[in-house]
Amino acid sequence: MAAATTADASIGESHADIERHKSDLYTRPGWCDAAVALQQIEQGKATGDRGILWLRARAQRQLYALGRFLDAHAGKVLFVALLVIATFCVGLKSSTFHSNIEQLWAEPVVVEDATAPTFSAPPPSSEVLSTHQMVVQTALDPDASLLHPNGLLEHLGMIKRAAQVTVTMFDITWRLTDICQKASAPNFDMHYIDQIVESVLPCSFVTPLDCFWEGSKLLGPAYPVHIPFGVGDKVKWTNLNPQQLMLEIKEKKVNFDYQILEDFFRRSGISAGYQEKPCLNPKDPECPSTAPNRNSSQLVDIGAELTSGCYGFAAKYMHWPEDLIVGGAVKNKTGHIKQAKALQTVVQLMGEHELYDFYSETYKVHHIGWTQDKAATVLRGWQKRFAQEVEHLTKSNSSGSYSFNTFSTATLNKGLAEHSQIDFVKLGAVLAVAAFYAWIVHSGLAAMCVMILACGAAAGLGFCSLLGLPMNLLTTHVLPFLSVGLSLRDMFSLLATHNKKLAPPELLQRTGPTILIGGMCQGVVFLIAASIPFPALRIFCLQSAVLTVFHYATILFVMPTLIALHMRCKKAAVPCFRHDTKGLSMNNNNERDHEANLLTSEFICHQKRSLLTWLVNKYLTFFIFKPAIRVFLIIIYAGLIVFCVLEGLKVEFDVKLSSFLPRNTQEYRYLEAQNKHFGFYNFYLVTTEFEYPLNQPLMYEYHASLAQVPNVLKDSNGGLNNNDFWLANFRDYLADLQTEFDLNRERHCLTSEKWFANATEKAVLAFKLLAQTGIVEFPVDKSQIFNKKLVAGKIIDPNAFYNYLSVWNSNDEISYSSSQANLTPKPLQYYSSKTEFDLKIPKSQPLKYTQMPFYLKNLRTTNKIIETLRKILAISDEFNSKGLKNYPVGLIFAYFNQFLLLDRLLVVQLVVTVLAVVLCISALIHWSKLLCLIASLLFSVLVLCFLSINGLTGTVGALHFIVVARNVMLIMYGFQTAMGSRERRLRMAIEMHVETLLKGDVGLLLCVAVMALSNFEFIRCHMCHTLFVSTGASMVNVMVFFPTLLSILGPRGELQHLEHLERISTPPPKMAATQSRQSYSKQSSRRSAPTKATREPSLTTITEESCNQSIVVEPQVTVEYSSPESSSSGHGGPYTTKVTATANIKVELIAPVYRSSKCKPHRSSSSSSKHSCSGSSCKRHSCRCCKNEKENTDSDSSASAENADCAGDQCTNSRS
């Protein structure tokens, strides 16, 4: 009978040992407690990565201490954490918002010369698209052509009615004539003549209508002008012929110097005005008789008229290039336009600085405290009103065949500001869906954690505001959803480990390292991505890095406190927490409440495998581990890599400005049409800090060098138009004065000492200029008047250069303004008169800033734009090396200059990101075992080769890398910490983490799915789609290709036991030696006591790590003293202890983690010293999977040693 009892006990013990050895502590020692794995190496029982285990053991020790603190003070920590979160949320009140297109996407122009001056008033914007009002007309039918009179007449009606809008601001009504650019006329010294000329000179329109007489209807004036002397009445541009007017003035012999007006007409190219241009409607009663097709029944050839562009009323300075006003042109063999898809008109407005200067000393604004900000407000107000009128007229004409769209930075920034505001309804709906999803797939605790993560995101944004990081549309449309979605995986990882009924210390000890390294990798990747040269994306990456810190702090500090409070509520039988979680098995109805609060070995035996785990095992067994399928997958993997590389070689830049704007706006549609049909840009070459008088030939060479760029707009002779070059206009003006002076000299109208009454005003002005020396102390020298020229060999006299500049700026204003030179400091004003005999002319300050306008055409693709910009920058660098400090500016450089180095920046970003992530993961896994991980990451990044390179590539690439790297790292970590063969470790890694990966990635997709509804194309088509592709590619990689790679080339585990292949030896006790001695003395004193003693978990107790953390007492193990060589298996050891017992059986002490007040301690009964051991029996709680029928006598070894009269006493030697 005794032998049978011993055999049954041995069988039960063997079965229990087998199940215990399957626990995580034995099979994943590095994950459970790296100190145990390190101890195995130090005791010579195993080999492995000592350094990594030592580092992780120290980290786990700190995380365990943190968990104990959070568990002990859960309520306090939670209160303080919520208080901190609320405090940082207050920082949102001090947030700033960037909604201007320049602040979001245009990198500020940085001048390399650090000594460049800073002007009190910066130059006005040097980009047409940023200061003027643009209108583009397209047909609703994409195949229709606009080269029809009705199309142009509808264009005329739209522009004419929209230009009549007014806006009232600061008690002043502002019209187009108050804020538009006008040609400047010379000063006639006669007030009424100046008023007439001022009334007649119109606003400047760049329009295809200027090729026809109907273009004059845009010029006005609003009220017909009366010209005295019987010359003209009710004069408007529809009936004005400037040449005929000049002839009538000469015939009337009007008493004013008409030669100034005549010279102005001649120099500006003002001739017959619009009177000799064809009429779109020959039957119009106002169509002039001089029109070539008046009363003609034959339609005008609109394509032929638009070919080579159109001319305004001042033909010399108002030539509108064909590529600017006609879009989508199709030409015949002779180069004439026969079809056009779009027409464009530009209403030229003054810049805010120019408008401020124009009215700064006038009566119109004397009562309102005129400032540049108010000037900008007036401009924005009128542009918004103009855009609203165009939209209203377009909608009211629903039966029309054409669409009109406007563009200006005022309306653009207004639309951006409106569409960039956070949508609280959408945000709340997404958070509610995420919380509901977490509750469905896990528990209500997970839903609560999602809300805590959302609060952490708000606190992070508040902290960003305190740091001075402004918000933008990415902050409101992307960041909250993305940051919460990326944090769900680690949240589910923590909660999945909590399902094993572990307290917060054990939770952080096991999952803390991966959470820390994952958060570190994510933050580092975002910080590296912040090097992208786009302000909005840079700020987004910095904010993402900050929110990463807040989210992972929330996961590590706040969620364990929620878990601790959750466990306390379950212990206290709070009604909402009575339900048991999954994985908890029940013995019977009577023991249900008791077993729900105990961590017994039954969890080892009855741990149910989920359907997902079963599917993973079947998948690995019948798919991944099949040799033929492995070869097939490797071939597919290699093929995909080759295909991605080949596609990557074809990757091109693809950037559209319209993708950064909200859809269904006029500005979006305008930029779409502009990019599709026009491809026309203008830019400026800026020169600074240069000796212009002494280096004029270099300036001409610099200007002419742009003719080498194919896409630069040229004149009909293949050269550049010098009418846009300020120095050439300046020179031509002085040469004209020199010619007039020489003519008057031949007529003896002047001498070297004076001029006579019959001398012309121009000759007198030239006389004064020739007398200038350029020396401040001796400004005038008459002896040189006949001995020098104003312009010699196409070079302006360098000595008096700045004296001449004062005259040109004041007396040739139309030439000065058309050159768009923006000379800074602004030249002085000087007006000459024959009646003024003072020869001294003020000398302007040396120029510090000048600019030259150029135009680019046929730039419809990003690659062509970048190629053109590189050629321009190469020319700029060449002349910088020659001493001419210069740089290009303009919209095309502001938005596309970053792409010149973007490909190199992306390569550097990828390399630095991989190195940084590998360095971070090296703290978790030995660097020599990361080859498969690095290869998998690089191969996964190749998926991005299917995308075109644009401004979002760096940020999207960072998000893709984060999504892929965190999943691969988790599988690799599980693969390294497991013990056994490659296949077994791979199976254990995937079984352990597959549920977390699936839940986390599905949660991420749920959070970012709302981005598909965004009004911004780059968010919808780039970021959202890429995140979906990245998540799908990551799951395919981590479930198919990466396991295949590991099953073939996977490195050895971090720990290899010398005796057991799939587990470690039973670890020795963790107590210190001093504690052992104290426990031994207490145990000895209890042995001498005759009273009944409750069995204590002394050094005879070995804690076995399993899913329920049960405590097992084995009397066979000597616990009074433990030597380094001893082991629980009983093999080898120099120390022996004589123990007398009736049966050599195992006794398990069931220790509850949390006991309710109703639950009594469950103790094993021991026999009294007064009774025989064989006559007493002990009933203990045992696993149902073990021998339920076995009858074991539980005898305390200490009591048995003191009762020598027990029957069947035996002396057994057991090794410690």
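**Exercise 1. Decide whether Phe-741 and Phe-786 are buried or exposed, then describe how their rings meet.**

*Solution.* Begin with Phe-741: its relative accessibility is 1%, so Phe-741 counts as buried. Keep in mind that this is a predicted model.

Next comes Phe-786. The cut-offs to apply are under 20% for buried and over 50% for exposed. At 28% relative accessibility, Phe-786 therefore counts as partly exposed.

Now turn to the rings of Phe-534 and Phe-899 as a worked comparison. Their centres are 5.3 Å apart and their planes meet at 65 degrees, so this pair is edge-to-face. Both Phe-534 and Phe-899 are buried. For Phe-741 and Phe-786, the centres are 6.0 Å apart and the planes make an angle of 55 degrees, a tilted aromatic pair.

Finally, place the pair in the fold. Phe-741 belongs to helix α31, while Phe-786 sits in the loop between α32 and β16 (791-792), so the pair ties together parts 45 residues apart in sequence. Phe-786 has a further partner: the charged end of Arg-745 sits over its ring, 3.9 Å from the centre.

**Exercise 2. Find which parts of the chain the pair of Phe-534 and Phe-899 ties together, and look for other aromatic groupings.**

*Solution.* Start from the total, which is 38 aromatic pairs in the structure. In the pair from the comparison above, the rings of Phe-534 and Phe-899 are edge-to-face. Phe-534 lies in the loop between α23 (504-529) and α24, and Phe-899 lies in the loop between α36 (891-896) and α37 (902-921), so the pair ties together parts 365 residues apart in sequence.

Then look for linked rings. Phe-730, Phe-801, Tyr-802, Trp-808 and Tyr-816 are joined by ring pairs into a cluster. As a last step, check for charges over rings: the charged end of Arg-985 sits over the ring of Phe-975, 4.1 Å from its centre.

**Exercise 3. Work out how covered helix α32 is and what its buried residues pack against.**

*Solution.* Helix α32 spans residues 761-770, and nine of its 10 residues are buried. Among the buried ones are Val-764, Leu-765, Phe-767 and Leu-769, along with the lysines Lys-762 and Lys-768. The neighbours that the buried residues pack against are α13 (258-268), α31 (726-746) and α33 (801-811).

**Exercise 4. Identify the residues with the most contacts inside the largest nonpolar core, and trace the surroundings of one of them.**

*Solution.* The largest nonpolar core holds 323 residues, and Met-491 and Trp-726 have the most contacts inside it. Helix α24 (residues 535-571) gives the most to this core, with 16 residues.

Follow Met-491 outward. Leaving aside residues up to four places away in sequence, Met-491 touches Ala-438, Ala-446, Cys-449, Val-450, Leu-453, Ile-555 and Met-559. Another core, of six residues, lies apart from the largest one and includes Leu-427, Val-430, Leu-431 and Ala-454.

For context, buried residues make up 55% of the 1216 residues in the protein chain.

**Exercise 5. Lay out the open sheet that contains β15, and name its edge strands.**

*Solution.* Write the strand order down: β18-β15-β19, an open sheet of three strands with antiparallel pairing. The edge strands, each pairing on one side only, are β18 (849-856) and β19 (886-889). From one strand to the next, the twist averages 25 degrees.

To finish, zoom in on one pairing. Strand β15 (residues 681-688) is joined to β18 by eight bridges, and the two run antiparallel. Within this pairing, Thr-688 stands opposite Tyr-849 in β18.

Terms used: Residues are numbered from 1 along each chain as its sequence is written. This is a predicted model: local features need pLDDT of at least 70, side-chain atom pairs count only at pLDDT 80 or more; totals for chains, interfaces and linings use all residues. Side-chain values use heavy atoms; hydrogens and water are left out. A nonpolar core is a set of buried Ala, Val, Leu, Ile, Met, Phe, Trp, Tyr and Cys residues joined through side-chain atoms within 4.5 Å. Buried means under 20% relative accessible area, exposed over 50%, partly exposed in between (1.4 Å probe, protein chains only). Helices (H or I, at least four residues) and strands (E, at least two) are DSSP runs, numbered from the N terminus. Contact means heavy atoms within 4.5 Å. Rings of Phe, Tyr and Trp (its six-membered ring) pair if their centres lie within 6.5 Å; planes under 30 degrees apart count as stacked, over 60 as edge-to-face and the rest as tilted. A charge sits over a ring if NZ of Lys or CZ of Arg is within 6 Å of the ring centre and within 35 degrees of the ring normal. Two strands pair if DSSP finds at least two bridges between them. Axes are lines fitted to C-alpha atoms, for helices over the stretch in contact, and angles run from 0 to 180 degrees between N-to-C directions.
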